[in-house]
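Colleague: I am new to this model. Please take me through the buried interior, slowly, and show me how the helices pack around it.

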Amino acid sequence: MFRSLLTYNYRTWFLGAVISNIGGWMQATAQDWVVLTELTDNDATAMGATMALQFGPPLVLVSVTGWVADRFERRKILLATQSTLMVLAVGVAVLLLTGVMTLPLMLGFAAAFGVTNAFDAPARQAFVSDVVSMEDTPNAVALNSASFNMARLIGPAIGGVLIVALGSGWVFIANAVTFLAMLVALMLIRRSELMPRAKGGKSTAGLAAGFRYVFSRPDLLVVFIMVFLVGAFGMNFPIFASTMALEFDQGADGYGLLSSVLAIGSLTGALLVARRDRARVRVIVISAAGFGVASIASALMPSYWAYAAVLIFVGFSTVSMLTTANGYVQTTTDAALRGRVLALYMAVLMGSTPIGAPIAGWIADAFGPRAAITVGGTAGLVAGAIGVGWMLWSGRLHRNERTRFLLTLDETRPMSVIRAMDPVAFDDRSTSTVPIRLPHEGKG
């Protein structure tokens, strides 16, 4: 389960990511609460607009960000983006602590965070394959998700408590400090031990290559569609959790606790994915449908604690789906195009929020948060149905040859990894004693 941690570079990267992600979740909790309760009067639509500005740039800039991730050294890209995010966090903190922050200013900072993350996300995702071998990439992706959700387990709860105890501005300061962990980790990584980067030839040149590649792979298209549906309409957790917290008469600490409870299931899902030898489409399909069922069930819960309990299953199915989808994309994609394809994946995942978040916010304002959550759950069920439909249409789903009543799905196999030959086991005696006769030898 933890084999990727045996690699020094990945171990260093993992530790920095855990610390930085804790700060990121603290800041996300503070930002959502500031917009909902300090800059507006419980306006979920304004919160949806903030999320749209923050997650819109990955969709708009997808071609450029994917090309950058493939063209330049990803470690240097991450040093630049992480430093920029740290400076932006300090800027928000100063405005909040001095009492001059307004909703338009917060929207501007949200857009700046979004543009920076548009370059950071594909480089960060593709960097995983730079620090581990291809055969360990699915495990490394799953452990990355585990670290993200481990931070999600801790960060929102700490953020909620700090908001109540010190104020939201200090939460942004705390997040700025945690960025130092990631920057130090990037500087400590041994560049000589990074995996060699694949060089794209003429066939992989150009920004449109990633689009052409994805459209030539029906399996990737189906995965992207499922991720889009769940991402746009189902993964608006800040809107769902904050409005449900208010409905149950809870404060910032109650909202933070809901995010942490969600992370319990998320962390469990990530660790289970890490145990699998490779990413499979069937897991993505089942998880999407499971997300739909769990979300609709959560909307029916009568009390705060009942709602929190069901969120464990929501988190589990969400992370099982997204982590498996990420691993599937990485391990079945041409290495020379991996950055561009991952940029498309991140654009679909993060860029779906500008479409779904304002709609979810409007539904929550007009019909209540339970209706908004039900719409998200329905999107999960539709995503699962699309996946099942593709499996039937593609002909990959067929009866198991060994067992009459079981079905099996032909999966896209990850690229094979050829290990370096052990020089001790190589015997060159035959090459020095057996002559090689050329076709023209012996002819006068």
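Modeller: Of the 444 residues of the chain, 53% count as buried. Keep in mind that this is a predicted model. The chain has 18 helices and two strands. Its accessible surface comes to about 19,500 Å². Carbon and sulfur atoms hold 67% of that surface.

Now the contacts. Take those in the chain with a separation of 6 or more. Residues 24 or more positions apart make up 85% of them.

Next, the core. The largest nonpolar core has 121 residues. Phe 224, Val 227, Tyr 307 and Tyr 345 have the most contacts inside it. Helix H1, residues 8–38, gives this core its largest share, 13 residues.

Look at Val 227 up close. Leave out residues up to four places away in sequence. Val 227 then touches Met 321, Leu 322 and Ala 325. It also touches Tyr 345, Val 348 and Leu 349.

Back to H1, and to its packing against helix H6, residues 103–131. The angle between the two is about 160°, and their axes are 13 Å apart. An angle over 145 degrees counts as roughly antiparallel, so H1 is roughly antiparallel to H6. The contact uses Asn 9, Tyr 10, Trp 13, Gln 27, Gln 31, Val 34 and Val 35 on the H1 side. On the H6 side it uses Leu 103, Met 106, Phe 113, Arg 124, Phe 127 and Val 131. H1 passes H6 in a left-handed crossing.

A second pair is helix H10, residues 218–234, with H13. These two pack at an angle of about 20°, with their axes 11 Å apart. Angles under 35 degrees count as roughly parallel, so H10 is roughly parallel to H13. From H10, the contact takes in Val 223, Met 226, Val 230 and Gly 234. From H13, it takes in Ile 284, Val 285 and Phe 291. The crossing of H10 and H13 is left-handed.

Stay with H13, which covers residues 281–299 and holds Ser 298. Is Ser 298 buried or exposed? Its relative accessibility is 2%. Buried means under 20%, so Ser 298 counts as buried. What does Ser 298 contact, leaving aside neighbours within four places in sequence? The partners are Tyr 307, Val 310, Arg 370 and Ile 373. Tyr 307 is also among the residues with the most contacts inside the largest nonpolar core.

Now go to helix H14, residues 304–331, where Thr 318 is found. Thr 318 has a relative accessible area of 5%, so it is buried too. Setting aside residues up to four places away in sequence, Thr 318 touches Met 235, Phe 237 and Phe 291. Phe 291 is one of the H13 residues in contact with H10.

H14 also packs against H12. The angle there is about 40°, and the axes are 7 Å apart. That makes H12 oblique to H14. This crossing is right-handed.

Phe 237, the partner of Thr 318, leads on to H11. How many of the eleven residues of H11 are buried? Eight are, so H11 is largely enclosed by the rest of the structure. The buried ones are Phe 237, Ile 239, Phe 240, Ala 241, Ser 242, Thr 243, Met 244 and Ala 245.

What follows H11 is Asp 249. Asp 249 sits in the loop between helix H11 (237–247) and helix H12 (252–275). Its phi is positive, about 60°, although it is not a glycine. With a relative accessible area of 71%, Asp 249 is exposed. The cut-off for exposed is over 50%.

One last stop: Ala 357, in helix H16, residues 353–367. Its relative accessible area is 0%, so Ala 357 is buried. Ala 357 and Phe 233 are 124 residues apart in sequence. In space they are 7.2 Å apart, C-alpha to C-alpha. Not counting residues up to four places away in sequence, Ala 357 touches Gly 48, Met 51, Ala 232, Asn 236 and Ile 239. Of these, Ile 239 belongs to the buried residues of H11.

Note on methods. Residues numbered from 1 in each chain as written. Predicted model: local features only at pLDDT ≥ 70, side-chain atom pairs only at ≥ 80, totals over all residues. Heavy atoms only, no water. Core = buried A, V, L, I, M, F, W, Y, C linked by side-chain atoms within 4.5 Å. Buried < 20%, exposed > 50% of the residue type's maximum accessible area, 1.4 Å probe, protein only. Helix = DSSP H or I, 4+ residues; strand = E, 2+ residues; numbered from the N terminus. Contact = heavy atoms within 4.5 Å. Areas by Shrake-Rupley, 256 points an atom, 1.4 Å probe, with all protein chains shown as cover. Axes fitted to C-alpha atoms, helices over the stretch in contact; angles between N-to-C directions. Parallel < 35°, antiparallel > 145°, perpendicular 65-115°, else oblique. Left-handed = near helix turned anticlockwise from the far one by under 90°.
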